[in-house]
Number of protein chains: 2
Amino acid sequence: MEEKLRELKELLREVYDLECIIMLLNWDQSTYMPPGGAEARARQMAVMERLAHEKMVQPRMGRLLEALVPYGESLPYDSDEAGLIRAAQRKFEKANRVPSAFMGELISHQAKTYQVWTEARPANDFAKVAPLLEKTLEMSRQLADYFPGYVHIADPLIDFEDEGMKASTIRSLFSELREQLVPLVKAVTEQDPVEDQVLKQHFPEEKQWQFGLDVIRQLGYDFKRGRQDKTHHPFMTKFSLGDVRITTRVKENELGEALFSTIHEAGHAMYEQGIHPEYEGTPLAQGASSGIHESQSRLWENLVGRSREFWEYFYPKLQAVFPDQLNPVSLDSFYRAINKVEPSLIRTDADELTYNLHVMIRFDLELALLEGKLAVKDLPEAWRERYRTDLGIAPPDDRDGVLQDVHWYVATIGGVFQGYTLGNILSAQFYDAARNAHPEIPAEMRQGNFYTLHHWLKENVYRHGSKYTPEELVQKATGQSLSIEPYVRYLKTKFGQLYPW
Amino acid sequence: MEEKLRELKELLREVYDLECIIMLLNWDQSTYMPPGGAEARARQMAVMERLAHEKMVQPRMGRLLEALVPYGESLPYDSDEAGLIRAAQRKFEKANRVPSAFMGELISHQAKTYQVWTEARPANDFAKVAPLLEKTLEMSRQLADYFPGYVHIADPLIDFEDEGMKASTIRSLFSELREQLVPLVKAVTEQDPVEDQVLKQHFPEEKQWQFGLDVIRQLGYDFKRGRQDKTHHPFMTKFSLGDVRITTRVKENELGEALFSTIHEAGHAMYEQGIHPEYEGTPLAQGASSGIHESQSRLWENLVGRSREFWEYFYPKLQAVFPDQLNPVSLDSFYRAINKVEPSLIRTDADELTYNLHVMIRFDLELALLEGKLAVKDLPEAWRERYRTDLGIAPPDDRDGVLQDVHWYVATIGGVFQGYTLGNILSAQFYDAARNAHPEIPAEMRQGNFYTLHHWLKENVYRHGSKYTPEELVQKATGQSLSIEPYVRYLKTKFGQLYPW
């Protein structure tokens, strides 16, 4: 069995390396690639995706797993070997249902769609990308159909990203959360609007960039194993556990834009950087799910980065960088400005209270598209309609409507949005558990010390990578299963103080 | 046959894509990769090298070529199909002799050696990298031995880079050239040294960078299909015909450093950008040989970029960028400074007259190592000895001695240096042919117009890619076989004017 396990690891490492190379092709496409490279890049990504998939489903992999699965079950559940065999088997089963040729075609279609979207969005031209989106929908359905036996057609797509979750579970979770959120939003938006013009002064790019780097270095992001570059759409990506990069964009008249997205992506990256180094080259060397991943980006972005404690330490430093703009602004005004609640059009700019309403709209539209109840051509209007109903405002054009998020134009329809809200819910649950274990965390943050929090997350979440299912991990780290209670309590406390109702 | 040719192209395109991805892995390693990425990167490059090699030698490729080679021979020699089949057959034969596992091992060894070299060079620590270099030598011999029947063990290694060339041919060519160069160098260095302190003032990096970009844009480098980034060791690389990038380094107290290496790499890049777009994805979509490639970088760097005509146009613009530094300096003084002849230690900084002596030293040492007449441990001293004999100076340490060039630490020993001098020779031969066809070229350059020259090179050299052997291409473009006569005449004329003897 030792020998078989060694060989399994070798085959898995090759798949891992090929997958990491795809990430590099994608990173380069989004950061430095000149326009002339686009056509070949789509081809290169498709070739690599097909090769990685072929390697994952090679017959030898299947035979090794067949022999190793019973062995894995005989080991202690918590042993790394048992976890590795479980994760490899799950990955193999999923990959094995989908033909390599289909995966190659999908990725090539996605690369093409992404290119067209980059032109369609600024041109506010949904029609340009709609035929491609039709095909995306068709291929998303096809992908789901490789997993027969589902209750809802979105279930297999959701399971790719958030294992163990189903459309029905998420629907009821979201409806429960919605009931709590709507009155909160109402209570806040009935009050006088908060003044946030202070964030919209001129803040030179270079200084914003440097401040963001200083902040995440202090939070614990390791620059020997990462770096930050510029893109249109911020993201985190990984080429190995020793090379976990983030990207961001800077707006000179929006102080929050670069800073909070830098912290957000650094949250994702610290998760990957914190995975046990011995998992490198295996399916364990990645976050447990979209939702768990997002819990870490949102925990650092919001529960830390938009907290009073954080800014007690960092605000004087920020004032020193931008004295003309910020010396006249008190910490309290600044804190209120970065936590301003206001129904808005753009998900990534949304405040903590309305953010999940944006996600729910997308989730419902995804399901409707997959169910065949909504046609792609009717999507822009359905989008506007839901914004009117849920947020009381509607986008004047598709640029800030249905074209705003890259997801549908670079992934499948279905499975790609629910993780954002799962992440928000879990961010509070994990933070609660960390503070229960270490009540000194908020006081330490006031001193610019994030070590205890970072260390707790590393030990209880990060290091495990994909060794446990999301459900197991939540249970293990917090002592309970996923619950909206800590999140709702957090929102009520924080926004109750900011907007006393 | 149509169907077979279509299938051949498909298989070749996949190999091409994998090879281009290796180039991206390498580019990223040299530009942006954080140190933590090094270990996985070496592994990723080895995996890809092995996969590309496996795809090249797959049995189906062999069977298709077997059927297509006679068909190719029945086509007109100049047809693209015939050229493609010839090039594919040559590539297949070479690849087929080397086991995929060996290629993977070689590339992985080279990546490791490169990492150690990046530390050994600044630390002046040859001993640190010597054991790896021993292995490189051993693997270089092994590689040559996959091609039995050679006269000299370096022949197969030379043939990889400069097809059709042999150690004996190059030896006699170099000795012929040497006879011409040595008296020239002597005549020049007996005169009073030229003043070049003007190039060693402070020139801010950002302005140098921008000026370099402006120059190569005007020469014809297409930024929609390329870009420039910073590295330690400048190079050109290609991820497709639509994405041909260059890198450079800037020294603020050395005006020539960035500028001439930018022009040099742009020369390589314009060659690749000029290849017939229909060759994309085939073995035709690359330069014909190291020597031909270097002829283009040196043509633009030296015959254009260090010419009086070029600077009659560009010098006033350079003065406008650096008025404090250059307004007091006349065009004549500047022209003399950038063409200063002086025996020196660093090949890449060498003037046009002594440059080839550096190459010949390396070429002879390579042969001695391969022949077993020189041991790796004795290489540093052998290096110093040859510099004393040939250039009259010796490096005080290995940093500027045997550790100075990256080549032996990232490629094989053997085959990697002769292309530089072949390139110098050919640069003059091609330039001569272009001027014979278009005597107006120098006058146009004085106006900042490089179109005629660039167009002639595109039509007569670039567009053909690897369709012809180097020998055929030289014959076709210049009407004669490789000859040192135009090069020697060029050097005598130019330096005879600068240093009247």
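## The sheet of chain B

Helix α10 (residues 255-273) of chain B lies across β1, β2 and β3 of chain B and runs at about 165° to β3(B). Helices here are DSSP runs of H or I with at least four residues, strands are runs of E with at least two, and both are numbered from the N terminus. Angles go from 0 to 180 degrees between N-to-C directions, with axes fitted as lines to C-alpha atoms, for helices over the stretch in contact; contact means heavy atoms within 4.5 Å. A quick word on the model: it is predicted, with local features needing pLDDT of at least 70 and side-chain atom pairs counting only at pLDDT 80 or more, while totals for chains, interfaces and linings use all residues. Residues are numbered from 1 along each chain as its sequence is written, chains are lettered from A and ligands numbered from 1 in the order written, and side-chain values use heavy atoms, leaving out hydrogens and water.

Underneath α10(B), three strands make an open sheet in the order β1-β3-β2 (chain B), with mixed pairing. Its edge strands are β1 and β2 of chain B, each pairing on one side only, and the twist averages 30° from one strand to the next. Strands count as paired when DSSP finds at least two bridges between them.

## Strand β3(B) in the middle

On one side, β1 (residues 228-230) of chain B pairs with β3(B) in the parallel sense over three bridges. Within that pairing, Asp229(B) has Thr247(B) as its bridge partner, and Lys230(B) has Thr248(B). On the other side, β2 (residues 236-240) of chain B pairs with β3(B) in the antiparallel sense over four bridges; here Thr237(B) is matched with Arg245(B). β2(B) and β3(B) form a hairpin, with two residues between them.

How many of the six residues of β3(B) are buried? Six of the six, so strand β3 (residues 243-248) of chain B is largely enclosed by the rest of the structure. (Buried is under 20% relative accessible area, exposed is over 50% and partly exposed is in between, using a 1.4 Å probe and protein chains only.) Asp243(B), Arg245(B) and Thr247(B) point one way from the strand, Val244(B), Ile246(B) and Thr248(B) point the other way, and all are buried.

## The sheet of chain A

Chain A has an open sheet of three strands in the order β1-β3-β2, with mixed pairing. At its edges stand β1 (228-230) and β2 (236-240) of chain A, each with a single partner strand, so one side of each has no neighbour in the sheet. The twist averages 30° from strand to strand.

β1(A) runs parallel to strand β3 (residues 243-248) of chain A, joined by three bridges, and Gln228(A) stands opposite Ile246(A) in β3(A). Helix α1 (residues 2-31) of chain A packs on this sheet and touches β1, β2 and β3 of chain A, its direction making about 135° with that of β2(A). Chain B joins in too: helix α2 (residues 38-56) of chain B lies across β2 and β3 of chain A, at about 70° to β2(A).

## Helices crossing between chains

Helix α2 (residues 38-56) of chain A meets helix α1 (residues 2-31) of chain B, their axes coming within 10 Å and crossing at roughly 100°. That makes α2(A) roughly perpendicular to α1(B), on a scale where under 35 degrees is roughly parallel, over 145 roughly antiparallel, 65 to 115 roughly perpendicular and the rest oblique.

From α2(A), the residues in contact are Arg41(A), Arg43(A), Gln44(A), Val47(A), Met48(A), Arg50(A) and Leu51(A); from α1(B), they are Arg13(B), Glu14(B), Tyr16(B), Asp17(B), Leu18(B), Cys20(B), Ile21(B) and Leu24(B). By class that gives eight nonpolar, one polar and six charged residues. (Nonpolar covers Ala, Val, Leu, Ile, Met, Phe, Trp, Tyr, Cys and Pro; charged covers Asp, Glu, Lys and Arg; the others, Gly among them, are polar.)

## The annotated site in chain A

UniProt, in an unreviewed entry, places the feature "binding site" at His264(A), His268(A) and Glu294(A). They span 31 residues in sequence, but no two of their C-alpha atoms are more than 8.7 Å apart, so they gather at one spot. UniProt positions follow the numbering used here, feature names are shortened, and annotations may be inferred rather than shown by experiment.

His268(A) is in helix α10 (residues 255-273) of chain A and counts as buried at 10% relative accessibility. Setting aside neighbours within four places in sequence, His268(A) contacts Met236(A), His293(A), Glu294(A) and Ser297(A). Glu294(A) belongs to helix α11 (residues 290-304) of chain A and is buried, with a relative accessible area of 5%. Not counting residues up to four places away in sequence, Glu294(A) touches His264(A), His268(A), Tyr355(A), Gly419(A), Tyr420(A) and Gly423(A).
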